[in-house]
Amino acid sequence: MKPTYSMQTVEVDEAVPKSRRVYFEVFGCQMNKLDAELMLEGLMQRGYQLVHDPEEAGVILYNTCSVRERAEERAVMRMTSFKRRKKEEPELILGLTGCVAQHKQEELAERAPWIDLIIGTREFDRLPDLIDEARGESQSILATEMDSPLEFVRQRNLGPQPWHAFVSVMRGCDMVCTYCIVPTTRGKEVSRPPEVILDEVRRLAADGVQEITFLGQTVNSYGKRLGAGVGLDTLLRGVEEIDGIHRCHFITSHPRFMRPKLIQAMADCSKVMNYLHLPVQSGSDSMLARMKRTYDRDFYLKCIERLREKMPDITLATDFIVGFPGETDEEFEESLSLVKEVGFDSGYVFQYSPRPGTVSADHLVDDIPLEVKKERNHLLLDALHTSGKARNDRFLGRTVEVIAEGPSRTDPTRWAGRARDHRIAIWPACPDDKAGSFAVVKVNRTSAATLFGERVDGPSEKPILPPEVR
Ligand code: SAH
Ligand code: SF4
Ligand code: F3S
């Protein structure tokens, strides 16, 4: 797996000594990306600088993911590749942070004592101090307390795109999905107070951010234990009042918490994107029960119905797991039929990976052969592509408003941007394309994942089209 993220950086300042140059790789979900940015901000306040070549760095950090076995093993293997350098350069600091550090803390300290820092998901605000401590220490330092309050005041956005920022609204997960390691690595659900979050959004807006993504493992249960009336809808309505922010969305939602007042706020707020990622995991009631997802197919479908009543054109993305223990052909067919029935715009498919310590890994046999998992993965992706293509075809001849992101990765003569419903649009580069500005694209071709077209308007720092046609 390739690292999924690169943060913004500036030219290497030769005056910054090697001991203050940090190389950071990030694996896993958006939460991990944001945590890496927060760690980097803390380090920059102490005079550190981000570099893109590990050879130039005196501190090497990996923010890791445990969600599937491959991700976990890769991170540890990559860290092992620095073992020899650490021998030759004992002042080099190696740190493993995030979910693998939290999950495998003792095993890592034993298996890889040359890793200086093992920092879990709730203590990373101490990173700069822990690096100082590690400089005089020969043993691994563990910082993996789960109940220590994370304390950070965010002043700036270090994400790869200056106009977009992630904002954490809650951490941890109180659900008990039988396959999932996240409640172990991230702990119990804790929501941040709404005024703290909205202050952060105001500061980010002043720093040039136009679009924000609220993050939480079950982001739509936000507000639990904060008192009556506080929910994700409070935040959406709060953002509506913040000048400079033009778009906002949130990930990842759980079907159980898709409540009417949240759906109403999504429909009412012009800044909330016309997009929802709502993982279903399976279309079969018996599978959903074995996964302990706390809903059945009918409940999920009703949820979609309620969303479409208020937002008829909403873009829907989802996640599926294939090859969960005991998944029969009939059960799998129900996932395929759900794709048709809902008409998803897009979706991710994951092959079940037993994670030691979870209920399914400890009590159920991983009995679906790899070949069958692969075949089901392929079939389900095919169904999602068919569904996505049909949904995209509705845009032929229509215009969409995008925030321009930059030249397309596969073809630099074309530019890419994201529409308000999270669709990617691509157009031939124009002289006045500008990253972070709004543009209007007329669609003349589609694929399962992308809209293609021509720019029909000049760039603008503000939305161009009226809200109802964006
Ligand atoms: N909190 C989110 C997602 C967390 S993990 C939610 O509740 O939906 C992201 C995705 O990884 C999940 O939606 C699930 O599809 C997948 N996943 C989690 N554990 C897995 C496992 N053990 N094997 C395969 N896929 C898994
Ligand atoms: Fe994992 Fe389920 Fe929590 Fe999502 S809701 S993080 S899948 S336990
Ligand atoms: Fe992975 Fe941890 Fe996110 S396990 S998916 S990095 S919460």
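**Exercise 1. Find polar partners of ligand 1, and say how far the protein covers the ligand.**

*Solution.* Start with Arg68: an N or O atom in the side chain of this residue sits 3.2 Å from an oxygen atom of ligand 1. Since this is a predicted model, read the distance as a computed value. A polar contact needs a pair of N or O atoms within 3.5 Å, and the Arg68 pair is at 3.2 Å.

Next, take Gln281. A polar atom of the Gln281 side chain lies 2.7 Å from an oxygen atom of the ligand. Then look at Ser353, where the partner is a polar backbone atom, 2.8 Å from a nitrogen atom of ligand 1.

Now for the cover: on its own, ligand 1 has 540 Å² of accessible area, and the protein covers 90% of that. Two elements give two or more residues to the shell around the ligand, namely β13 (315-322) and β14 (346-351).

**Exercise 2. How many residues surround ligand 1, and how do they divide by class?**

*Solution.* Begin with the number: 15 residues surround ligand 1. The closest are Tyr179, Gln217, Gln281, Asp319 and Ser353. Then sort the shell by class, which gives 6 nonpolar, 5 polar and 4 charged residues.

**Exercise 3. Which residues lie around ligand 2 and around ligand 3?**

*Solution.* Take ligand 2 to begin with. Its surroundings include the cysteines Cys173, Cys177 and Cys180, along with Tyr179, Gln217, His254 and Arg293. By class, the shell around ligand 2 has 7 nonpolar, 3 polar and 1 charged.

Move on to ligand 3. Among the residues around it are Cys29, Cys65 and Cys99, as well as Asn32, Arg186 and Gln217. The shell of ligand 3 splits into 4 nonpolar, 4 polar and 1 charged.

Finally, look for a shared name. Gln217 appears around ligand 2, around ligand 3, and among the closest residues to ligand 1.

**Exercise 4. Describe the protein as a whole: its elements, its dimensions and its surface.**

*Solution.* Count the elements: the protein has 15 helices and 19 strands. Compare its radius of gyration, 23 Å, with the 23 Å that the globule rule gives for 470 residues; the two are close, so the protein is as compact as a globular protein of that length.

For the dimensions, the C-alpha atoms fill a box of roughly 65 × 55 × 50 Å along the principal axes. For the inside, 55% of the 470 residues are buried. For the contacts, consider those with a separation of 6 or more: residues 24 or more positions apart account for 74% of them. For the surface, the protein exposes about 20200 Å², with carbon and sulfur atoms supplying 52%.

**Exercise 5. Are Arg21 and Gln105 buried or exposed?**

*Solution.* Find Arg21 in strand β1 (residues 21-26). The cut-off for buried is under 20% relative accessible area. Arg21 has 10%, so it counts as buried. Leaving out residues up to four places away in sequence, Arg21 touches, among others, Asp13, Glu14, Tyr48, Gln49 and Glu56.

Turn to Gln105, in helix α5 (residues 105-111). Its relative accessible area is 16%, so Gln105 is buried. Beyond its neighbours within four places in sequence, Gln105 is in contact with Val100, Ile118, Leu142 and Thr144. With Thr144 there is also a polar contact between the two side chains, at 2.7 Å.

**Exercise 6. Where are Thr252, Thr294 and His422 placed, and what is notable about their backbone?**

*Solution.* Begin with Thr252, in the loop between β11 (247-251) and α10 (260-268). The peptide bond from Ile251 to Thr252 is cis, with omega near 0°.

Continue with Thr294, in the loop between α11 (285-290) and α12 (297-310). Thr294 has a phi near 70°, a positive value in a residue other than glycine. With a relative accessible area of 38%, Thr294 is partly exposed.

End with His422, which lies in the loop between β16 (414-419) and β17 (424-428). Its phi is also positive, about 75°, although His422 is not a glycine. At 22% relative accessibility, His422 counts as partly exposed.

Note on methods
Residues are numbered from 1 along each chain as its sequence is written. Chains are lettered from A and ligands numbered from 1 in the order in which they are written. This is a predicted model: local features need pLDDT of at least 70, side-chain atom pairs count only at pLDDT 80 or more; totals for chains, interfaces and linings use all residues. Side-chain values use heavy atoms; hydrogens and water are left out. A residue is near a molecule or strand if one of its heavy atoms lies within 4 Å of it. A polar contact is a pair of N or O atoms within 3.5 Å; within protein, one must be able to donate a hydrogen and the other to accept it, and residues adjacent in sequence count only if both atoms are side-chain atoms. Accessible areas come from the Shrake-Rupley method with a 1.4 Å probe; for residues, only the protein chains shown count as cover. Helices (H or I, at least four residues) and strands (E, at least two) are DSSP runs, numbered from the N terminus. Ala, Val, Leu, Ile, Met, Phe, Trp, Tyr, Cys and Pro count as nonpolar, Asp, Glu, Lys and Arg as charged, and the others, Gly among them, as polar. The radius of gyration is taken over C-alpha atoms; the globule rule is 2.2 Å times the number of residues to the power 0.38. Buried means under 20% relative accessible area, exposed over 50%, partly exposed in between (1.4 Å probe, protein chains only). Contact means heavy atoms within 4.5 Å.
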